[in-house]
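This report walks through the fold of one protein chain. It moves from a single residue to its surroundings, then to sheets, cores and a helix pair.

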Amino acid sequence: MASLRSATTLNKENRATSTELGKRTTASSSSSSTSLAAAAAARKAPLSSRTSNTTTTASSSGASSFSRSTSSSRVAPEPVNRVRQNATSTARKTLTQTARTSATVAPPTKRSRTEAFPEDNEGNGYDHNQFSSVVEKVAELQSKMTQSDSRVEQLERALQAKEEVLQTMELRKTTLMADVSGYQMQIDDANRRNSQLLELLETVKHQNTMQVQEYTMKLQMVQSQYDSLTVQHKMLDNEVANLRRTTAEQRSKISEQDSQISMLEAQLKEKTETLQRRDETISQHEATIAQKTLTISQLEAQVRDDEMLRRKLHNTIQELKGNIRVFCRVRPILQGVGSSSSSSSSSSEDIDSTMIYSFPQSGGAKTLDIEVPQNLSALVSSRFGAKEKRWQFTFDKVFAPGTAQGRVFEEISALVQSSLDGYNTCIFAYGQTGSGKTFTMEGPESPDQDTMGMIPRAVQMIFETAKRLREQGWVYEFQASFLEIYNEKLRDLLVSDTVDEKNRPKLDVKHVKENSTTTVSNLTYVKVTHERQVGEFLARASRNRAVAATQCNERSSRSHSVFQLQIKGENQITSESVSGILNLIDLAGSERLASSKAVNERFTETVNINKSLSSLGKVIMALANKEAHIPYRDSKLTYLLQNSLGGNSKTLM
């Protein structure tokens, strides 16, 4: 800004100087023009050669002056140049006229006074005074011309000096303008930097504000931590004081314990000697244990061999007893049944309950004798056409009415063991409706240890035996299913209660000849890991099973229920594997249509039940007689159990 003010001041000074020079040049030009005009007027008069020479010299001097003025006007300001050009033009015109006048005027010669001073037109003589005044005026004009020339020369020198100053000022002005431009650019750069610095300042202010806030929060946190640490420091001071007191107490205790340590070291030395003696004893025992372990390994191998031998012998015994066996269990007489009335309207239940049953033990509890009382002999003869009054039946085993569930299971447990040994086993509960088949197989609704049925007892035995055999390297997997055959159709009893009958998938029996296995499509198979699961299966199956009231039984099972437990075992030591199936079947009760008086749906159920039971009897008879053709396809029941009835399978009725 200071440079800009200096340039402005110099510009004003240059303008003032140029104006003054213009005025002076104009005045000089006016003066020169006046002098030149006077000289021209003098030349027109008859002057002497001296006057002419003087005038020419003055004119030449003026011309040279104007010439210098013209040459120096190249660097003068524009107003001065115009003045100089005008003065130069005027001077040239004057010099031209003077030269012409000088050329036409003849040099002065000596003439007579009359010739030199002619008379005027009136004949008067020339006025000498007038001539003298003219000469004086010319001389005066010449002196003035000389003064004017000297003055012009002075002015030209002054003008030249001013022009040099002006050139210097112009150069300085140019330099100053360049400096001003540079300073302006610096000012612009400074302004931009100032704007950037202002923006940076705002950013820094904002950051500083944020940092101040952050540091304020940190300071508050530090203050709170300091307060907390102060409280902790006080607490630690208290703890240190307590620890010092405790340390003093401990030191006293340590001194007491040092004495005790001395005593204990003595005891330790004594114990160490005792331990050394015991180590020797332990070494002897370890040697004995190693020997015993070898013996145990040998015995375990012997146990495994014995287990294989037991299986073979057990199967041999079962085959000797018969792969198809029949047990008989007599149900106790129910309360309210069995009056001694001999009326012809007595029911079959009343007649059966009044029969005399005897169980001779001489034959190993395999015989059942039935005798008709005297008061019912005529009724029995008329109704059943029986002439005999005493019958004797022989079975593989006979259970009297008072036989407990556990005692019955003891006899069939051998067949359950055969299933674990890798054989397919079928245990049927067969009898007329109401004879206690479901009770025998499943037990009551709330069973206890004494009243549990064959199904939960069999599963319990299987899990206990599998646990015992685990010590010999056997690992078993169990998979259970529960279905019923109702009117020659398979129905899943483990399906959810919420599934509608119409939406249940169709079940089909499929046999695989390569490995003699049987599967049922769309049937629910459940992996069994604990025996308690079987109780849940029985409860669900009981809710889903088809039952109805008839004349013979108010809750008669109208279908065959089949509980299957698939058993797969592998010995991880010998890599031996077994696979067997335990089938526990609660058959539907057989009925005589004449006795049950079944009609409509009950009639169809009775016909299908009796037909399937008859087909089962034919299959068992064909297997017992070792016939070439076994009619498995005569019913759904025998077709389902095809691989569990023939071959080396075990069957108990």
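Which strand holds the place of L483? L483 sits in strand β8. The model is predicted, and every value below is computed from it.

**A residue to start from**

Is L483 buried or exposed? L483 is buried, because its relative accessibility is 1%, and the cut-off for burial is under 20%. Beyond its neighbours within four places in sequence, L483 contacts L490, R491, L493, V520, L523, H560, S561, V562 and L640. A541 lies 58 residues from L483 along the chain, yet their C-alpha atoms are separated by 8.0 Å.

**The whole chain**

The protein has 653 residues, and 34% of them are buried. Its secondary structure comes to 15 helices and 17 strands. Take the contacts with a separation of 6 or more: residues 24 or more positions apart account for 68% of them.

**Two nonpolar cores**

The largest nonpolar core holds 39 residues. Which of its members touch the most others? They are Y476, F478, F563 and L565. The elements α8, β7, α10, β8, α11, β15 and β16 each supply at least two residues of this core. Helix α10, residues 454-469, gives the largest share, with 9 residues.

A second core is separate from this one and has 28 residues. Among them are V509, V562, L616 and I630. V562 is also one of the contacts of L483.

L565 shows the packing around one member of the largest core. Its contacts, leaving aside neighbours within four places in sequence, are V459, I462, F478, Q479, A480, V528, G580, I581 and L582. F478, like L565, is listed among the residues that touch the most other core members.

**Strand pairing**

An open sheet of 3 strands runs in the order β3-β4-β5, and its pairing is antiparallel. Strands β3 (356-358) and β5 (390-394) are the edges, each pairing on one side only. Neighbouring strands in this sheet are turned by 20° against each other on average, direction ignored. In a regular strand, side chains alternate between the two faces of the sheet.

Elsewhere, β10 and β11 form a hairpin with 4 residues between the strands. S516 in this hairpin takes a positive phi near 55°. Two antiparallel pairs are set out here.

| Strand pair | Bridges | Partner residues |
|---|---|---|
| β4 (367-371) and β5 | 5 bridges | L368 and F393 |
| β10 (508-512) and β11 (517-521) | 5 bridges | K510 and T519 |

**A helix crossing**

How do α5 and α8 cross? Where α5 (residues 128-321) meets α8, the axes come within 11 Å and cross at roughly 130°. That angle makes α5 oblique to α8, because it falls outside the ranges for roughly parallel (under 35 degrees), roughly antiparallel (over 145) and roughly perpendicular (65 to 115). The crossing is left-handed.

Which residues make the contact? From α5 come R310, R311, H314 and Q318. From α8 come A414, L415, Q417, S418 and L420. Helix α8, residues 405-420, also supplies at least two residues of the largest nonpolar core.

Key. Residues numbered from 1 in each chain as written. Predicted model: local features only at pLDDT ≥ 70, side-chain atom pairs only at ≥ 80, totals over all residues. Heavy atoms only, no water. Pairing = 2+ DSSP bridges. Axes fitted to C-alpha atoms, helices over the stretch in contact; angles between N-to-C directions. Core = buried A, V, L, I, M, F, W, Y, C linked by side-chain atoms within 4.5 Å. Buried < 20%, exposed > 50% of the residue type's maximum accessible area, 1.4 Å probe, protein only. Contact = heavy atoms within 4.5 Å. Left-handed = near helix turned anticlockwise from the far one by under 90°.
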